[in-house]
Amino acid sequence: MSLTEHEIEHLREHIEHYPEKRAGAIYCLYYVQDKYGYIPRASLDEVSELTDLSPTQLDELITFYTLLRRRPVGRRLIRICDSISCYTRGSEQVLAAAKEASGVEFGQISKDGAVTVLPSICLGLCDRAPAGLVDDSEDLGELTPEKIRDLICSYAAETLDSKSGGGQQILAVLKDQQ
Ligand code: FES
């Protein structure tokens with residue numbers, strides 16, 4: 001997996017707008033993640049060359065920014081907050097139900113490729129606790145174990161119906177990596 005010449009040129013032009021190349025690292029990492037759904041090792045090397053940050057430094061950045069990820073995720077990424085406001089309003093039970101419905105551990109891709117569930121620090125939705133976020137863009141509020149189970153079931157059905165075979169593509173990526 002690697003970026004095309006055109007993509008690298010786009011990133012290089014973007015980076016030129018910053019006083020230092022390293023300032024463009026976050027943009028590059030998000031760009032790569034948008035393309036692949038995560039940041040593969042080969043792309044880390046490419047971003048390293050563009051930004052003059054070492055792969056280890058980029059890895060540290062990815063660890064710091066929770067919206068960046070190094071591993072592939074399911075067709076839908078569900079974050080569920082386990083910080084204090086959500087915890088006191090039942091996030092533990094919501095997380096347990098989500099794990100059971102996905103059939104795999106947190107951070108893993110469900111067998112059908114439909115979902116990955118991740119516990120998260122505060123998502124800024126405390127007034128709607130227990131809260132979650134789908135695909136880093138769609139808010140979930142007042143979650144209950146039933147609601148999260150229904151949601152995961154609907155994503156499983158959506159994946160099954162999908163003409164694009166999104167879930168199968170994700171599973172194919174994983175198989176390639178084994
Ligand atoms: S504590 Fe859960 S969204 Fe803030």
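**Fold and local backbone features of the predicted chain**

The chain's secondary structure adds up to eight helices and four strands, where helices (H or I, at least four residues) and strands (E, at least two) are DSSP runs numbered from the N terminus. This is a predicted model, so to speak read with a filter: local features need pLDDT of at least 70, side-chain atom pairs count only at pLDDT 80 or more, and totals for chains, interfaces and linings use all residues. Residue numbers start from 1 along each chain as its sequence is written. Going along the sequence, the elements come in the pattern α-α-α-α-β-α-α-β-β-β-α-α.

As for overall dimensions, the C-alpha atoms fit a box of roughly 50 × 35 × 25 Å along the principal axes. Out of 178 residues, 33% count as buried; that label takes 20 or more other C-beta atoms within 10 Å of a residue's own, while exposed takes 12 or fewer and partly exposed sits in between, with C-beta atoms placed from the backbone. Contacts are scored when two C-beta atoms, again placed from the backbone, lie within 7 Å. Of the contacts between residues at least 6 apart in sequence, 67% join residues at least 24 apart.

Now to the sheet. The four strands make an open sheet with mixed pairing, in the order E2-E1-E3-E4; two strands pair if DSSP finds at least two bridges between them. Strands E2 (115-120) and E4 (138-140) stand at the edges with a single partner strand each, so one side of each has no neighbour in the sheet. On average, neighbouring strands are turned by 20° against each other, direction ignored. E1 (residues 76-81) pairs with E2 in the parallel sense over six bridges, and one bridge links Ile78 to Val117 in E2. Helix H6 (residues 91-102) packs on this sheet, touching E1 and E2, and its direction makes about 155° with that of E1. Such angles run from 0 to 180 degrees between N-to-C directions, with axes being lines fitted to C-alpha atoms, for helices over the stretch in contact.

A few loop residues deserve a look for their backbone geometry. The peptide bond from Ala129 to Pro130 is cis, with omega near -5°, and Pro130 is found in the loop between E2 and strand E3 (132-134). Asp52, in the loop between helix H3 (41-51) and helix H4 (55-64), has a positive phi near 65° despite not being a glycine. Asp52 counts as exposed because 12 other C-beta atoms lie within 10 Å. Asp135, in the loop between E3 and E4, likewise has a positive phi, about 50°, without being a glycine. With 11 other C-beta atoms within 10 Å, Asp135 is exposed too.
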